[in-house]
Amino acid sequence: MEFHHHGYVSENPRLLPASGIGLDRPEQLPEYMDVLIVGSGPAGMIAAAQLSMYPNVHTRIIERRPHRLILGQADGIQARSVETFQAFGFADEITNEAYQITEMAFWKPAADGSDAIERTARTIDDPEGISEFPHLIVNQARVLDYFAEFMANSPSRMLPDYGWDFEDLTIHDAGEYPVEVTLRRTCDGVGEGEAEGTVKVVRAKYVVGCDGARSKVRKSIGRTLKGDAANHAWGVMDVVASTDFPDIRLKCAIQSRSGGNILHIPREGGHLFRMYVDLGIVDTADGGAIRQTRIEEIISKAQEIMKPYTLEIKDVAWHSVYEVGHRLTDKFDNCRAEDDQARVFITGDACHTHSAKAGQGMNVSMQDGFNIGWKLGQVLSGRGGDALLRTYCEERRVVAHDLITFDKEWSTLMATPSEEFEDPNFLEDFYVKTAEFPAGFMTCYTPSLVTAGDKDQTLATGFPIGKRFHSYPVDRVCDATIHELGHLHVADGRWRVYIFADGSTPADSPKVEQWSQWWMNDAASPQVTITPADGDTDAVFDTKVVYQGDHTAIEHPDVPEAFRPLVGPLKLVNYNKAFGAKVRQRSGEITDFFEARGISREGCVVVVRPDQYVAGVFALEDTTALSEFLHPIFEAS
């Protein structure tokens with residue numbers, strides 16, 4: 001962490017100095033605001049957390065419940081999400097309390113033809129090492145708690161406004177706050193005029209609907225979920241039990257000969273586990289009766305599938321029944337014509353629904369919220385316009401479509417009797433071969449306003465443009481400490497500009513020196529034209545340099561000006577921006593960032609968006625291309 005640049009800090013450094021709306025934040029829900037977020041689920045909370053770092057943007061997040069979530073339904077946290085948590089400062093904490101999935105066991109009908117099940121395979125969860133972070137299982141409520149803590153510690157001091165339900169909205173053609181929203185109080189509040197049932201009308205510049213599959217926000221803008229009708233039902237239960245099943249603390253796919261299938265997920269804490277129990281095909285004339293299946297029936301079904309092993313349920317923390325349905329809206333915003341202004345956005349289950357088998361619901365929803373959060377923050381800070389906001393729908397709908405395609409295949413395979421596979425190892429092979437998708441790493445944004453073309457991709461083959469920035473260790477020059485470069489990317493709304501040098505030291509890196517002079521002084525430089533005159537040097541662009549050699553050969557005073565920014569009211573030099581690529585690990589192995597990530601020895605520029613996705617790769621000498629890419633992103637409408 002970096003602190004003390006605003007003066008000496010002796011208390012929690014994560015509690016940032018209050019500023020903007022955080023200096024006098026209204027306790028009660030005000031009549032006017034910049035952004036109203038509806039729903040405090042994963043998408044809503046990450047969007048709010050990102051916007052909380054823009055203290056001059058007044059954001060409120062409402063929730064119909066009168067209090068924080070106590071028992072969350074989602075629990076699977078993919079590695080991409082843990083990378084995201086690192087940007088919000090709680091990856092280590094949540095990893096320590098979570099269950100970590102390291103292997104998956106596959107159980108099938110016994111080869112002797114009996115009704116028993118037997119283990120046929122155990123696979124490594126991430127055999128390719130696609131992330132330095134693990135695959136986690138943890139209660140959704142804890143994820144939301146961590147985002148709430150981040151918001152409360154932010155300069156805007158944001159807190160959720162509990163006890164408000166969204167009723168409807170109207171988008172007006174004019175006015176500073178064109179979105180008129182009607183809300184209803186769901187419980188008695190502390191302030192005057194906040195009795196249960198009270199109707200309140202508020203005005204906002206933008207509304208983000210994160211209110212689930214039955215979204216009222218979606219309905220208010222005339223969007224509908226379309227797709228396949230649900231035709232397969234699953235009972236899900238969080239339980240503690242006594243059992244002689246040997247893999248009770250491993251993730252398992254269990255297929256029986258006649259009793260159906262189970263997806264078994266151990267939970268955090270060492271005792272709790274979740275079972276998705278196959279309830280079979282749903283009759284089209286069912287009329288929703290399957291959703292009334294009693295917990296006793298789900299338990300009995302699970303016990304039948306688990307034979308010859310016993311399963312004695314001691315306590316049920318939560319259970320439900322759901323039907324697998326795959327649905328998607330045609331757009332994720334209110335725009336219907338080219339000249340419509342994007343004012344209302346929907347995220348998560350409000351715009352895409354699917355099964356829980358791939359563990360993607362919460363994970364994809366959070367990336368929706370992260371995506372729209374930084375874009376709204378940038379626009380409302382005067383550094384972007386409607387064209388930037390329209391990229392939200394363009395980018396995220398493709399991701400949702402790909403997810404639904406994958407989930408259809410995976411959920412179908414999970415419900416298929418093992419004897420119907422021509423290859424008896426098909427299910428486990430499919431799980432291993434497609435691991436990168438459910439882990440969250442197959443998202444690749446296509447060229448757009450915020451994602452450049454691939455003309456210079458060969459300069460950094462390990463950073464595919466449009467995919468998330470894949471971290472790797474570097475050695476910091478100023479203090480000889482080893483850091484994962486990507487872990488220094490804080491969710492503060494800034495763009496990252498990583499300079500990979502054309503030499504081992506400042507003295508033998510002439511391209512970096514020339515680039516620095518251009519970046520800091522040229523009238524065409526985004527640093528010169530976009531950075532506010534009264535802000536820190538790195539207020540908009542967090543610029544770092546990685547030299548090819550060992551950090552011991554580099555003297556910090558020799559590092560170019562672009563990587564020695566002045567920060568805080570005291571205008572202190574930030575020494576933390578220069579790194580060496582060759583790192584001696586504790587094992588004695590020397591790792592090389594350039595070699596590991598396919599960086600050209602000629603050097604290059606890698607631009608990373610505020611949501612950790614690679615926006616572009618550029619030659620060090622091609623400053624024109626870099627300028628022509630960045631400037632339009634920051635142009636206000």
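In this predicted model, Val573 is assigned to the partly exposed class because its relative accessibility is 30%, a value that falls between the limit of under 20% for buried residues and that of over 50% for exposed ones. Val573 belongs to strand β26, which spans residues 572–573. Together with Leu566 and Tyr575, Val573 forms a nonpolar patch on the surface, and the accessible area of these residues together is about 250 Å².

A contrasting environment is found in strand β14. Of the 5 residues of this strand (residues 251–255), 5 are buried, so the strand is largely enclosed by the rest of the structure. In a regular strand, the side chains alternate between the two faces of the sheet. Both faces of β14 are covered, with Lys251, Ala253 and Gln255 buried on one side and Cys252 and Ile254 buried on the other.

The strands that pair with β14 can be described in turn. Strand β5 (residues 103–109) runs parallel to β14 and is joined to it by 4 bridges; within this pairing, Met104 has Lys251 as its bridge partner, while Phe106 stands opposite Ala253. Strand β15 (residues 261–266), by contrast, pairs with β14 in the antiparallel sense, again over 4 bridges, and here Gln255 of β14 is matched with Asn261 of β15.

These strands are part of an open sheet of 7 strands with mixed pairing, arranged in the order β6-β5-β14-β15-β16-β13-β17. At the edges of this sheet stand β6 (117–124) and β17 (311–323), and because each has a single partner strand, one side of each is left without a neighbour in the sheet. When direction is ignored, neighbouring strands of the sheet are turned against each other by 20 degrees on average. Helix α6 (residues 295–306) packs on this sheet, where it touches β6, β13 (232–243), β14, β15, β16 (273–281) and β17, and the direction of the helix makes about 110 degrees with that of β17.

A further open sheet is formed by 3 strands, which follow the order β12-β18-β20 and pair in the antiparallel sense. Its edge strands are β12 (226–228) and β20 (352–353), each of which pairs on one side only. Between β12 and strand β18 (residues 326–328), the antiparallel pairing extends over 3 bridges, and Gly227 has Arg327 in β18 as its bridge partner.

Conventions: Residues are numbered from 1 along each chain as its sequence is written. This is a predicted model: local features need pLDDT of at least 70, side-chain atom pairs count only at pLDDT 80 or more; totals for chains, interfaces and linings use all residues. Side-chain values use heavy atoms; hydrogens and water are left out. Two strands pair if DSSP finds at least two bridges between them. Helices (H or I, at least four residues) and strands (E, at least two) are DSSP runs, numbered from the N terminus. Buried means under 20% relative accessible area, exposed over 50%, partly exposed in between (1.4 Å probe, protein chains only). Patches are made of residues with over 30% relative accessible area and no salt bridge: like charges are joined within 9 Å, nonpolar side chains (Val, Leu, Ile, Met, Phe, Trp, Tyr) within 5 Å. Accessible areas come from the Shrake-Rupley method with a 1.4 Å probe; for residues, only the protein chains shown count as cover. A salt bridge is a side-chain nitrogen of Lys or Arg within 4 Å of a carboxyl oxygen of Asp or Glu. Axes are lines fitted to C-alpha atoms, for helices over the stretch in contact, and angles run from 0 to 180 degrees between N-to-C directions. Contact means heavy atoms within 4.5 Å.
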